[in-house]
Amino acid sequence: MRYPVNEIFETLQGEGRFTGVPAIFVRLQGCPVGCSWCDTKHTWQQNSEDERPLGDILVKTEANSCWAWSDGDGILQTFRDRGFNAKLVIITGGEPCMFDLVPLCTALHQAGYQTQIETSGTFEIKVPEETVITLSPKVGMKGGFTILDSALARADDIKHPVARERDIDDLDALLARCGEKPVYLQPISQGKRATELCIKTCIERNWRLSVQLHKYLGIE
């Protein structure tokens, strides 16, 4: 199975349970959810005029909407060609669960990699059992999608974006549907008030803070 790839790069994971862990990011193209504060809006549209050879995608010097088709074998070959050392592969987007990720994750597992998916929870999650699912729920976004019960049930943890008190209320409503999960609160855009709210709530609820470490460090 082929996937539309926006970029592939190696860095440190800056968010959630794997913060600080070396990781290879595979960013897929396409997302209809429509978060106003999204920092990867260049991945939303899969326009045919933006299709490029995979080699062109790998030498990007800045974020853009260009993408390339690749299957699991091509992605693994890219890892080898570029000498990546990390063993954690994070498949993100865009919205990666628009696609059946079983073939890709299976190929990665067979090659000795661990996989993590970051999803909005608005599409059915198709991955092997051992893939770690981080659900970053997007409630009331422009695209009009709702969080699926099946996605909530499959999630290994929830990394919730927060700007105001209402976002905490939305999270409580989601947790009432799925039961207790490890929770990471992530201030939207590193805003001061959002960060203060997340810190306060994490202490009160015994939740965890996710501060997008990569942005503070100035790495990808």
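Helices and strands here are DSSP runs, numbered from the N terminus. With that in hand, welcome to a short tour of this predicted model. Lys 138 sits in the loop between strand E6 (132-135) and helix H4 (149-154), and Lys 138 is buried yet has no salt bridge. Elsewhere the count comes to eight salt bridges, while a search of the whole structure finds zero disulfides.

**A buried lysine**

- Which side chain of opposite charge is nearest to Lys 138? It is Glu 95, 6.9 Å away, and a salt bridge needs the nitrogen and the carboxyl oxygen within 4 Å, so this pair does not qualify.
- Lys 138 does have a polar partner in the backbone: a polar atom of the Lys 138 side chain lies 2.7 Å from the backbone oxygen of Ser 136.
- Leaving aside residues up to four places away in sequence, Lys 138 touches Val 33, Cys 35, Trp 37, Ser 120, Phe 145, Ile 147 and Pro 161.

**Cysteines without a disulfide**

- Cys 105 is in no disulfide; the nearest cysteine sulfur belongs to Cys 97 and is 8.8 Å away.
- Why is there no bond between Cys 198 and Cys 202? The sulfur of Cys 202 is the closest cysteine sulfur to that of Cys 198, but at 6.2 Å it is too far for a bond. For comparison, a disulfide calls for sulfur atoms within 2.5 Å.
- Cys 105 is buried, with a relative accessible area of 0%, and Cys 198 is buried with a relative accessible area of 0% as well.

**Strand E1 and its partners**

- Strand E1 covers residues 3-12 and is mostly covered itself, with eight of its ten residues buried.
- E1 runs antiparallel to strand E2 (residues 22-28), and seven bridges join the two. In this pairing, Ile 8 has Val 26 of E2 as its bridge partner.
- E1 also runs antiparallel to strand E3 (residues 68-70), here through three bridges. On this side, Val 5 has Ala 68 of E3 as its bridge partner.
- As background, side chains in a regular strand alternate between the two faces of the sheet.

**Salt bridges between helices**

- Arg 177 forms a salt bridge with Asp 149, and their closest N and O atoms are 2.6 Å apart. The pair links distant parts of the chain, with Arg 177 in helix H5 (residues 165-178) and Asp 149 in helix H4, 28 residues apart.
- Arg 177 is partly exposed at 44% relative accessibility, whereas Asp 149 counts as exposed at 52%.
- Arg 205 forms a salt bridge with Asp 172, the closest N and O atoms lying 2.9 Å apart. Arg 205 belongs to helix H6 (residues 192-205) and Asp 172 to helix H5, so this pair ties together parts that are 33 residues apart in sequence.
- Arg 205 is partly exposed, with a relative accessible area of 35%, and Asp 172 is partly exposed at 30% relative accessibility.

**A salt bridge within helix H6**

- The side chains of Lys 200 and Glu 204 meet in a salt bridge, at 2.9 Å from N to O.
- How are Lys 200 and Glu 204 placed in helix H6? They are four residues apart, so about one helical turn separates them.
- Lys 200 counts as partly exposed at 44% relative accessibility, while Glu 204 counts as exposed at 51%.

Note on methods: Residues numbered from 1 in each chain as written. Predicted model: local features only at pLDDT ≥ 70, side-chain atom pairs only at ≥ 80, totals over all residues. Heavy atoms only, no water. Buried < 20%, exposed > 50% of the residue type's maximum accessible area, 1.4 Å probe, protein only. Pairing = 2+ DSSP bridges. Lys, Arg positive; Asp, Glu negative; His and termini not counted. Polar contact = N/O pair within 3.5 Å; in protein donor to acceptor, adjacent residues only side chain to side chain. Contact = heavy atoms within 4.5 Å.
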